[in-house]
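Hi,

Here is the structure I promised to pass on. Have a look when you get a moment, and my notes are underneath.

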Amino acid sequence: MASCCTTLHILLGLLSLSSAVTSSSLSGGIRLGLIRKPSSDVPIFREASAFRNGDLCNAERIHITMTLDANYLRGTMAAVLSILQHSTCPENVEFHFLWVRFEPDVFSSIKSTFPYLNFKIYRFDSSRVRGKISKSIRQALDQPLNYARIYLADILPLDVRRVIYLDSDLVVVDDILKLWEVDLQEKVLAAPEYCHANFTKYFTDIFWSNLEWGRTFDGKKPCYFNTGVMVVDVDKWRQGGYTQKVEDWMVVQKQRRIYELGSLPPFLLVLAGDIKAVDHRWNQHGLGGDNIEGKCRNLHPGPISLLHWSGKGKPWLRLDSRKPCSVDRLWAPYDLYRSSMHFLEG
């Protein structure tokens, strides 16, 4: 494992990093209870019910990686609850959380909200990317933790050979096992593709005017895919040196400004046109609205397994401001947050 990323061992018994999920409840309900407010500004959450495996579950682990940040903790809690609630085999789900800043209140909050959750926490060394990040159209995209997904092969233990990477601004409304079992067909990555999107707009004129760079996609049919929902063959990623390939394009970006977004374009440059396409139902993305005004968006037609509030607007912020979009009400049932005033009133 690379020296830039080390597993965090929490002292003083704050967390059991891989506690088994055991419970007598399979329902999606939430056991109400007042969680003592942490000493910091970390939100107060209700304790979630535990979830048990169905009768047909085997012992196979389902590995899910998410980043962990206090600003998005409310979204992370909702995402975790949604995954467990809709899983046939929730005891098999193991979460791998990546963090940059040591925030013990965040870690203890996860433990108190999900006492039976099977999870591990790893540190991502932000110095690995600090000199490679260039300013994008939205400041949130420039945070080092947003680039941690590039380094999963360095961070995760060698026995984790496949992982689902998920952003924190989404909820899963289907059995995550279905996504886990996607046949990668020798590809390193699987994700929903959106071939109707204008692929050229993700790169600047400087990129397209360079004949050598323009040949990057020769022999491929590149399509846009969102890196907030990916199934990654970690072994193949290591063997193929994909971290270095993505980093190489980040270096070019620092020198010549070949794209405007954050960590997405270098993924596209390396992998677009060479991934396993997954049904669109697994990333109903863009629900956060556009990146300029944060306008509301409606659901796309068709079945839905995952709702993703990518874009500027986040459902918890719009709900709190009492100016929600209609799609935000689909996120609300998974919100475990309760303000102190709410507890006092009810």
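The buried residues of helix H9 are covered by a set of elements that includes helices H3 (127-130), H4 (152-155), H6 (205-208), H7 (211-214), H8 (234-239) and H10 (264-271). Bear in mind that this is a predicted model. The residues of H9 that end up buried are Tyr 242, Thr 243, Val 246, Glu 247, Trp 249, Met 250, Val 252 and Gln 253. As a reminder, an α-helix has 3.6 residues a turn, so residues three or four places apart point the same way.

I also checked the length of H9. It runs over residues 242-256, and at 1.5 Å a residue those 15 residues should span 21 Å; the end C-alpha atoms are indeed 21 Å apart, so the two agree. Right after H9 comes Arg 257, with a positive phi near 60 degrees.

Helix H1 (residues 73-86) got the same check: its 14 residues reach 20 Å from first C-alpha to last, close to the expected 20 Å. H1 is mostly covered, with 12 of its 14 residues buried. Among them are Arg 74, Met 77, Val 80, Leu 81 and Ile 83.

One more for you: which side chain of opposite charge is nearest to Glu 193? That would be Lys 187, 8.9 Å away, and Glu 193 is buried with no salt bridge. Glu 193 sits in strand S6 (residues 189-194). Leaving out residues up to four places away in sequence, Glu 193 touches Cys 223, Tyr 224, Gly 273, Ile 275, Ala 277, Val 278 and His 280.

Cheers

Key. Residues numbered from 1 in each chain as written. Predicted model: local features only at pLDDT ≥ 70, side-chain atom pairs only at ≥ 80, totals over all residues. Heavy atoms only, no water. Helix = DSSP H or I, 4+ residues; strand = E, 2+ residues; numbered from the N terminus. Expected span 1.5 Å × (residues − 1). Buried < 20%, exposed > 50% of the residue type's maximum accessible area, 1.4 Å probe, protein only. Contact = heavy atoms within 4.5 Å. Lys, Arg positive; Asp, Glu negative; His and termini not counted. Salt bridge = Lys/Arg side-chain N within 4 Å of Asp/Glu carboxyl O.
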